[in-house]
Amino acid sequence: MKSVRLEWALGDLKKANILLDEGLKQYPDFAKLWMMRGQILEQEGRVNEARDVYNQGIKRCPNSIPLWLLLSQLEERTGALIKARSVLEKARLKNPKNPQLLLESIRVELRGGLKDIALNLMAKAMQECPNSGILWAEAIFLEARPQRKTKSVDALKRCEHDPHVLLAVSKLFWTERKTIKARDWFNKTVKIDPDLGDAWAYYYKFELIHGTEEQQEDVKKRCVHAEPRHGENWCKVSKNINNWRKKTEQILIMTAASLSIPT
């Protein structure tokens, strides 16, 4: 797999595809090989072939959540909202009570401008996964502004030490311009889970706007020391094949730049 990634990173897609052919013959149940094959095809603009590869992959690896998400996102990017929704429904049947799949289903409806459907899905999701931090974090910002504080209190009761909930509360204080409280909660978040890159990126972006140069450098140094590996937004940057040589500091700066200021 490392050989494939290296050839892909170096831009030799032909060699990467040959290695993937060999790998899939030997390890047809290895989801990451199917994922890389599909992503390379997408990079080459061969969307229909990528779709076929993802479909073959989920038949072999029906419990691979990232594979289902790649297929759904491909359908959504090509404007097929109904197909994207259908993919996620099938994924949830194969993998019930999975917070990632439920969250993506909610976001697909939001991106499609269907907030009422998203709210209904969120209500069902909370029944299926009442202690999911990623769902509670999303639920806070699905509320109208006056109700967000109440929802955040409920979230903290359910998931007191979940970094996604703590990050959502940090962002909530930021939207309310309570900078001291926001900074305090960002600090709590990165202490409770220093591996969550998204928390560092939001914290750094916050300090770029509201902090001193010293505070910005402090967050950057601590992040470099922590070497985070996870986080939805962080991984979009760190796992992008074009960024394979980037160090933690560069990924932090790039991820922070990609984030929207919470509203």
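Which residues does UniProt list for "repeat: TPR"? The unreviewed entry gives residues 31–64. The legends below start there and then visit other parts of this predicted model.

**View 1. The span that UniProt lists as "repeat: TPR", residues 31–64.** Follow the chain from one end of this span to the other: helix makes up 79% of it, and strand 0%. The C-alpha atoms at its two ends lie 7 Å apart.

**View 2. Leu71, a residue of helix H5.** Helix H5 covers residues 65–77, and Leu71 sits within it. Is Leu71 buried or exposed? Its relative accessible area is 2%, so Leu71 is buried, the cut-off for that being under 20%. Setting aside neighbours within four places in sequence, you can find Leu71 in contact with Arg51, Tyr54, Asn55, Ile58 and Val87. For a sense of scale, look also for Thr263, which is 192 residues from Leu71 along the chain. The C-alpha atoms of Leu71 and Thr263 are separated by 30 Å.

**View 3. Helix H9, residues 133–142, in its surroundings.** Why can H9 be called largely enclosed by the rest of the structure? Eight of its 10 residues are buried, and that is the reason for the description. The buried residues are Gly133, Leu135, Trp136, Ala137, Glu138, Ala139, Ile140 and Leu142. Around H9, these buried residues pack against four partners: helix H7 (99–111), helix H8 (115–128), helix H10 (145–158) and helix H11 (163–175).

**View 4. Lys97 and Arg177, two loop residues with positive phi.** A little background helps here: most residues other than glycine have a negative phi. Lys97 is not a glycine, yet its phi is near 55°. You will find Lys97 in the loop between helix H6 (81–94) and H7. With 56% relative accessibility, Lys97 counts as exposed. Now turn to Arg177, another residue that is not a glycine, with a positive phi of about 60°. Arg177 lies in the loop between H11 and helix H12 (179–192). Arg177 is exposed too, its relative accessible area being 74%.

**View 5. Helix H13 alongside helix H14.** H13 spans residues 197–210, and its axis comes within 8 Å of the H14 axis. The two axes cross at roughly 165°, so H13 and H14 are roughly antiparallel to each other. The crossing of H13 past H14 is left-handed. On the H13 side, the contact is made by Trp200, Tyr203, Tyr204, Glu207 and Leu208. On the H14 side, look for Gln215, Gln216, Val219, Lys220, Arg222, Cys223 and Ala226. Sorted by class, this contact has seven nonpolar, two polar and three charged residues.

**View 6. Helix H14 with another partner, helix H16.** Here H14 (residues 213–226) packs with H16 (residues 248–258), and their axes are 9 Å apart. The angle is about 125°, which means that H14 and H16 are oblique to each other. Which way does H14 cross H16, left-handed or right-handed? This crossing is right-handed. In H14, Lys220, Cys223 and Val224 take part, meeting Thr248, Glu249, Leu252 and Ile253 in H16. By class, four nonpolar, one polar and two charged residues form this contact. Compare the residue names with those in View 5: Lys220 and Cys223 of H14 appear in the contact with H13 and in the contact with H16.

Note on methods:
Residues are numbered from 1 along each chain as its sequence is written. This is a predicted model: local features need pLDDT of at least 70, side-chain atom pairs count only at pLDDT 80 or more; totals for chains, interfaces and linings use all residues. Side-chain values use heavy atoms; hydrogens and water are left out. UniProt positions are given in the numbering used here, feature names are shortened, and annotations may be inferred rather than shown by experiment. Axes are lines fitted to C-alpha atoms, for helices over the stretch in contact, and angles run from 0 to 180 degrees between N-to-C directions. Angles under 35 degrees count as roughly parallel, over 145 as roughly antiparallel, 65 to 115 as roughly perpendicular and the rest as oblique. A crossing is left-handed if the near helix is turned anticlockwise from the far one by less than a right angle, and right-handed if clockwise. Contact means heavy atoms within 4.5 Å. Ala, Val, Leu, Ile, Met, Phe, Trp, Tyr, Cys and Pro count as nonpolar, Asp, Glu, Lys and Arg as charged, and the others, Gly among them, as polar. Buried means under 20% relative accessible area, exposed over 50%, partly exposed in between (1.4 Å probe, protein chains only).
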